Each structure stands twice: as C-alpha cells, then as structure tokens.
Amino acid sequence: MKKLIMIVSVLAATLLVFPVRVEAVEQSGSYDAPAYGTVEYEWEYENEENGEKIWRFYLTPNHDITYLYLELVPVNVEVTSVEGSNVFALANHSGSNVFLEAAGGVSSGERVLIMTVRTTDAEGADEHCELNISFLNLNCSVSIPGYYFDNDGNPITQEEYNQVCGNTTPEEPETPGDVPNSPETGSVVPYIAIGGGILAIIVVYLFSRKSNKVYKI
C-alpha cells in the first residue's frame, strides 16, 4: 500500500512540474451577424504536429444572398489557402479579403458551407490560435475586377457604376468655332477701329495746321 501511495505521489509531482495542455481535436461555435444571419464555424487539425488546421465556415442567412465580401482576421495563425464551396465559388481573394459568389443565390434560412480555410499556427504560439471573419459592405468603394455595386450593395453594370458612383470621365467641351469676341481667341476688330480712329485724328490735325499756314500767308 505504501508503495502504491509513493507511486501516485511521484506521478502527481511530475504533473505539477510538467503541466499538460489538452486541446480538443475539433472545435466549433457560432455567432450572429445581424446584417447577414448566423455564422457557424468548426475546425480540426489536419496535421497536429505542424499546427496545421482546416476551418469550415457556414452561414444561415436571414435574407436571400448572392455575394459575400469577407475579411479574414487570423490570430496567431497564418492563412495558407482559401477555398469556396459547392454553393459559394471563390470569385476573388486579395490579401485578407475574400469575395464569394453563389451563382444561383442562397435563400433565407438555408444553411450552407461558404468556404474552407487552411491555417498554420504561428511559430511559438500554443494558445489563442484563432481565425475570425468579418463581413464587409459592398458599395461604390469596393474594387473587385469584373464586379460593380452601388452604395446599397446591389450589383450593377460598369456603365451604371460610372453614373451612380460618379466615376464618369468629364466630356471634353466642344471646340468653339470662329465666333467674334470669343474669350478663347479674343477679337482684333476693336483694336483696328481704335487704330483707325487715331490715324484719322492725326490726319485731320495735320491738315488743319497746313490750312492755317496757307491762310496766314
């Protein structure tokens, strides 16, 4: 009995000196995104030794949705790949931003997988290794090649975008024709009249002086 107690004591002391951190192989959770619906996520190790995880994000929308514009917010993890799903295709991935498109749209209340993301835990990080997502608004300021939206998030054509979002190139004004007194070209008519008048005054003055001299003689 004493021997058994001694063994248990040694094991207890070992556990105190070398604490063991136990992390679930699979985790999941959910939260509400009021403008979109309910988001659910789950992750599991793809390679626990290398800290490689695979994340799956689901959405149950509260209204019909065709496009999703998301920002990946990693915490102590590095994103290595992003994939769409059988419903939402990955239309664009630039930096931390992800743009997804559901060709047929998704109806309100329909729970669907929106994307799968693979990550690697940051070197030296053994806790708080998370991947969060935030929803970004689709509006005139969004720059996604081939896609255009108004400030209400409605998809529009490029022509409509140029009109609605104020990015039209101002039309060049028509070149003015030969119009007298045009501010671009000015007019030489007033100068000719003034010059002619001065010349006439000089001629009259000289003629008058000559006439006076003749008279005096």
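C165 is buried, its relative accessible area being 16%, where buried denotes under 20% relative accessible area, exposed over 50% and partly exposed the range in between, evaluated with a 1.4 Å probe on protein chains only. In this predicted model, local features require pLDDT of at least 70 and side-chain atom pairs count only at pLDDT 80 or more, whereas totals for chains, interfaces and linings use all residues. Residues are numbered from 1 along each chain as its sequence is written, and side-chain values rest on heavy atoms, with hydrogens and water left out.

A search of the whole structure returns 1 disulfide, defined as a pair of cysteine sulfur atoms within 2.5 Å; this disulfide joins C140 to C165 with an S to S distance of 2.0 Å. The link of C140 and C165 is left-handed, with -70 degrees about the S-S bond. Because C140 lies in the loop between β9 and α2 (158-164) and C165 in the loop between α2 and α3 (189-216), the pair ties together parts that are 25 residues apart in sequence; helices (H or I, at least four residues) and strands (E, at least two) are DSSP runs numbered from the N terminus. C140 is likewise buried, at a relative accessible area of 13%.

The largest nonpolar core, a set of buried Ala, Val, Leu, Ile, Met, Phe, Trp, Tyr and Cys residues joined through side-chain atoms within 4.5 Å, has 25 residues, and M115 is among those with the most contacts inside it. Leaving aside neighbours within four places in sequence, M115 is in contact (heavy atoms within 4.5 Å) with residues including W55, F57, L100 and I133. A second, separate core of 6 residues includes Y69, F99, I144 and F149.
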